[in-house]
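Reader: I work at the bench and want a close look at the cysteines. Keep it brisk, and take in the surroundings as well.

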Amino acid sequence: MAAGGGEEFNGGDFNIEFSTHICPPQISSELISKYGVNLLGESGHMSAITICHRTTNCMTVWNEEVMTERNKLGDILIQTAKDICLHLFNHNEWADFINPKTARPFYGKHLDIRFIETDPRYLLFGFEFQKVGPCQVVKHAEWGTHAYVTSIFTSAPHQSEYLLEVLEEIKLNFKRN
């Protein structure tokens, strides 16, 4: 079980971790309000999936190497989230994700929603923050400050078979690569 009550899909030799959660009411009510439609699934709630990629560099330092890695991993996180969303769309579920490069919804980019990686709402999913001077960075339970995170929000139940299967498949693809 992940911190924050989610189900984890990770392992020691993986550089990516997925955690599924029942979306906290304060987040789901904001999304429903901003999207203007009922996004609750058949289960009566929304789900959240956090995607965390382990980084080579410590994120407490800001230099060219860290910026290059974040840009590369941002592209990977975006493609991974798009793949998961496509799978959910094929199961007639609503889904959108936070673009880690802009902190805005990917498909609903016109909406006034910001969800930066050190947003206090990530605490609801079991992440912690580490203060570095006037800034904060995400702190993963196992990887420390070697982490880059984003989230998917969906109407799919957080324990649905089709959701868990696609997360396992993607995780295995990361192991192969």
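How many disulfides does the count come to?

Author: The count comes to zero disulfides. A disulfide here is a pair of cysteine sulfur atoms within 2.5 Å. Such a link is a covalent bond between the sulfur atoms of two cysteines.

Two cysteines show how the count comes out. Take Cys23. The closest cysteine sulfur belongs to Cys85 and is 13 Å from the sulfur of Cys23, so the two are too far apart for a bond. Cys23 is also buried, at 4% relative accessibility (buried means under 20% relative accessible area, exposed over 50%, partly exposed in between, with a 1.4 Å probe and protein chains only). Cys58 is in no disulfide either. Its nearest cysteine sulfur is that of Cys135, 13 Å away. Unlike Cys23, which is buried, Cys58 is partly exposed, with a relative accessible area of 24%.

A word on the model itself. It is a predicted model, with residues numbered from 1 along each chain as its sequence is written. Local features need pLDDT of at least 70, side-chain atom pairs count only at pLDDT 80 or more, totals for chains, interfaces and linings use all residues, and side-chain values use heavy atoms, with hydrogens and water left out. The protein chain averages a pLDDT of 88 (the predictor's confidence in each residue, from 0 to 100). Of the residues, 91% score at least 70. Residues 1–5 fall below 50, and beyond near neighbours in sequence this stretch has 16 contacts in the model (heavy atoms within 4.5 Å). Where pLDDT is low, the predicted coordinates should not be read in detail.

Now what surrounds Cys58. One residue that touches it is Thr145. Thr145 sits in the loop between strand 7 and strand 8 (147–154). Helices (H or I, at least four residues) and strands (E, at least two) are DSSP runs, numbered from the N terminus. Thr145 is buried, at 8% relative accessibility. Not counting residues up to four places away in sequence, Thr145 also touches Thr55, Asn57, Met59, Thr60, Gln130, Val137 and Val138.

Next, the strand that holds Cys135. Strand 7 covers residues 135–139. Strand 7 runs antiparallel to strand 6, joined by five bridges (two strands pair if DSSP finds at least two bridges between them). Across the pair, Glu128 stands opposite Lys139. The hairpin has two residues between the strands, and there Gly133 takes a positive phi near 60°.

Two residues other than glycine also have a positive phi. Asn92 has one of about 60°. Asn92 lies in the loop between helix 2 (64–89) and strand 4, and is exposed at 75% relative accessibility. Its C-alpha is 25 Å from that of Asp75, although the two are 17 residues apart in sequence. Ala103 has a phi of about 65° and lies in the loop between strand 4 and strand 5. Ala103 is buried, with a relative accessible area of 7%.

Last, the aromatic rings. The whole structure holds nine aromatic pairs. Rings of Phe, Tyr and Trp (its six-membered ring) pair if their centres lie within 6.5 Å; planes under 30 degrees apart count as stacked, over 60 as edge-to-face and the rest as tilted. One pair is Phe97 with Tyr107, edge-to-face, at 5.9 Å centre to centre and 90° between the planes. The pair links distant parts of the chain, ten residues apart: Phe97 is in strand 4 (residues 95–99), and Tyr107 is in the loop between strand 5 (104–105) and strand 6 (128–132). Phe97 is buried at 1%, whereas Tyr107 is partly exposed at 37%. Tyr122 and Phe127 have their ring centres 5.9 Å apart and their planes at 90°, so this pair is edge-to-face too. Here both partners are buried: Tyr122 at 1%, Phe127 at 7%. These two belong to one aromatic cluster with Phe115, Phe125 and Phe153. Another ring, that of Phe106, has Lys109 over its face, at 5.1 Å from the ring centre (NZ of Lys or CZ of Arg must be within 6 Å of the ring centre and within 35 degrees of the ring normal).
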